[in-house]
Amino acid sequence: MHEPSRLHEPSRRAVLGAGVAAAGGGLLGACSSPGGENGMDDSGLGGHAGPAAATPSEYISPHGTEVQDRERRRGPGPVRRLQLTATATTLDLGARKVKSWAYEDQVPGQALRVTAGETLALTLVNQLPQPTTLHWHGVRLRNDMDGVPGITQPPIKTGTAFDYRFTVLHPGTYWVHPHSSVQLDRGLYAPLIVEDPREPLAYDKEWIVVLDDWLDGVGGRTPDKVLRQLNGGRPMAHGTDAMTHGATTGASGPPPMSRHGGRPTPSPTAPSRPLTGATSELLGGEAGHVAYPYYLINGRTPDSPQVFRAKRGDRIRIRIINAGSDTAFRVALGGHKMTVTHTDGYPVRPTTTDALLLGMGERYDVLVTAKSGVFPFAALAEGKRRSTLAVLHTSGQGARKFKRPKELNGKLVQAGRLKAAESVRLEPRLPDRTLRLRLTGSMRKFDWAINGRPYDPTQRYPVREGERVRLTFINGTDMWHPMHVHGHTYALPDGGPRKDTVILLPHRKVTLDFDADNPGLWMVHCHNVYHSESGMMTILGYQK
């Protein structure tokens, strides 16, 4: 079994001081009324020159004074300087070694830690064969640091670096990943833990659990090949200018241009086995599209799992992150009940459960009191008839084989049944603006879109600062979608939790409220990376 590094299991006292080693010297220099149907505005942009796409005069630019003023109002805090290097590497998953891409040669990347109120200054060094960016999933940050290529920043070219700098106000469990093509479905992800300097929870240990579905480097497969097979080779929403590592062209002549003006990865040279017959009652039907050869917890396959060591009676905070690209995971800790304390970084009324369901991009924090023995933390790839695990070890010799824990079939609390903690509830208020986003497309054509229109960087759904916005997602497809909004945290109905990613089942709708308090241009998209890159994305734009 694979023992985790100490960074994955700090004591409560060690947690506040932990983090990626601060980077030295030169690299880390300081950076210094609705329109149209459904509230959509079709104002054109003038290409992608400069740091981001040119913004029509009626909209606030990611680099506008309004964004800078909002950051000044957040106030600068003590500076936490970090460095992250994205590189092609060889990764040991336990069952096998694979060539892929990762941060600092490991998967997941080492947890980034910052304390709420600090200014995070992180330099991303790109040693990949493609341009890339870094998105701070769930963080309510300044718009020009959001990491969306062609919208909030230029892609970070191979052999260059980019300085991200912003004040972090809201504690919680977040994560980082690229927003460039399907790079997320490699090994490019890492936890981001924002510590609360007045932490109300009492616990002895912390365990970060990162879930993933894995195919990169197995049998000649890459995420780019999978996408091209699924969508018939149509342009990608966040295409890049460079070839995927190890890929070769499958035909003469250049490939088609991507929606962002780059070149998508060449045609696949090996099949990637789209998934058939994967269904789940919890997900309302089809569970996913991709047959992954491996499912991982903290970068390990179940035959060589991570082992987390604790003592009987220890109160453990488990931070669970679904970093997968096409897989929902049902999770449980054998022999234990879990008390849910947070979802997507924000506190909820404590709720006891046996199991949880996480869509891609979702996070849950739970508390458990460790019993004596060896227990599987099991993650079922929902509807895909596969699973993975990690191990909680408090006593005994340990075991390499575990039965499926009965808790996986026990009480399962979903997000809609949680209630926000009083401290983070939105004040009751009627909406100033309502936006209706209908999810469209089919599995057969793989033509995923919003309101029938695939992603177009010239499109805007307008909001104004100070408004209470009601966002209604209507799923008109036969597939479930985890819907994510950048730069904001919305409230589910009837006092439900604050979240940034929510599961929407087929032919259902959900109504979400948020306060428009973070000016700029913000992505709204499905967090199935193969859906978003096939067109299920759009942009919220703040009007001046």
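Where does P108 lie? In this predicted model, P108 is placed in the loop that runs between strand 2 and strand 3, and the legends below begin with a close-up of that loop.

**View 1. The loop between strand 2 and strand 3, with P108, E104 and A111.**
The peptide bond that leads from V107 to P108 is cis, its omega being near -10 degrees. E104 is also found in the loop between strand 2 and strand 3, and its phi is positive, near 55 degrees, in a residue other than glycine. Both features deserve a second look, because most residues other than glycine have a negative phi and most peptide bonds are trans. E104 counts as partly exposed, with a relative accessibility of 32%, whereas A111, which has its place in the loop between strand 2 (97–103) and strand 3, counts as buried because its relative accessibility is 3%. Although A111 and I208 are 97 residues apart in sequence, their C-alpha atoms are 8.6 Å apart in space.

**View 2. The buried and exposed sides of helix 2.**
Helix 2 spans residues 65–74, and V67, R70, E71 and R74 within this helix are buried. These four residues lie on the same side of helix 2 because they cover an arc of only 100 degrees around the axis. An α-helix has 3.6 residues a turn, so residues three or four places apart point the same way. On the other side of helix 2, R72 and R73 are exposed. Strand 6 (161–167) is included in what covers the buried residues of helix 2. After helix 2 comes G75, which has a positive phi, near 85 degrees.

**View 3. Salt bridges around R113.**
R113 and E195 form a salt bridge in which the closest N and O atoms are 2.7 Å apart. This pair links distant parts of the chain, since R113 belongs to strand 3 (residues 112–115) and E195 to strand 8 (residues 190–195), 82 residues apart. The side chain of R113 also meets that of E206 in a salt bridge, at 2.3 Å from N to O. Here too distant parts of the chain are linked, with R113 in strand 3 and E206 in strand 9 (residues 205–214), 93 residues apart. How buried or exposed are these charged residues? R113 counts as buried because its relative accessibility is 2%, E195 counts as buried at 1%, and E206 counts as buried at 0%.

**View 4. The salt bridge between D513 and R470, and a wider network.**
The side chains of D513 and R470 meet in a salt bridge with an N to O distance of 2.8 Å. The pair links distant parts of the chain, D513 lying in strand 30 (residues 509–515) and R470 in strand 25 (residues 468–475), 43 residues apart. D513 counts as buried, at 12% relative accessibility, whereas R470 counts as partly exposed, at 29%. Elsewhere, salt bridges that share partners join R113, E195, E199, E206, R317, R319 and D365 into one network. A search of the whole structure finds 30 salt bridges.

**View 5. The largest nonpolar core and a second, separate core.**
The largest nonpolar core has 117 residues, of which W136, I318, I320, F377, F473 and Y530 touch the most other members. Strand 20 (residues 374–381) gives the most to this core, contributing six residues. When residues up to four places away in sequence are not counted, I318 touches W207, V209, L333, Y364, D365, V366, V368 and F377. A second, separate core has 18 residues, among them L93, I208, Y294 and A323. In soluble globular proteins, nonpolar side chains tend to be buried together.

**View 6. Aromatic rings around W136 and at W101.**
One aromatic cluster is formed by W136, F162, Y164 and F166. A search of the whole structure finds eight aromatic pairs. At W101, the face of the ring has R186 lying over it, at 3.9 Å from the ring centre.

**View 7. R385 in the loop after strand 20.**
R385 is found in the loop between strand 20 and strand 21 (386–393). Although R385 is not a glycine, its phi is positive, at about 60 degrees. R385 counts as exposed because its relative accessible area is 66%.

How values were computed:
Residues are numbered from 1 along each chain as its sequence is written. This is a predicted model: local features need pLDDT of at least 70, side-chain atom pairs count only at pLDDT 80 or more; totals for chains, interfaces and linings use all residues. Side-chain values use heavy atoms; hydrogens and water are left out. Buried means under 20% relative accessible area, exposed over 50%, partly exposed in between (1.4 Å probe, protein chains only). Helices (H or I, at least four residues) and strands (E, at least two) are DSSP runs, numbered from the N terminus. The arc is that of the directions from the helix axis to the C-beta atoms. Contact means heavy atoms within 4.5 Å. Rings of Phe, Tyr and Trp (its six-membered ring) pair if their centres lie within 6.5 Å; planes under 30 degrees apart count as stacked, over 60 as edge-to-face and the rest as tilted. A charge sits over a ring if NZ of Lys or CZ of Arg is within 6 Å of the ring centre and within 35 degrees of the ring normal. A salt bridge is a side-chain nitrogen of Lys or Arg within 4 Å of a carboxyl oxygen of Asp or Glu. A nonpolar core is a set of buried Ala, Val, Leu, Ile, Met, Phe, Trp, Tyr and Cys residues joined through side-chain atoms within 4.5 Å.
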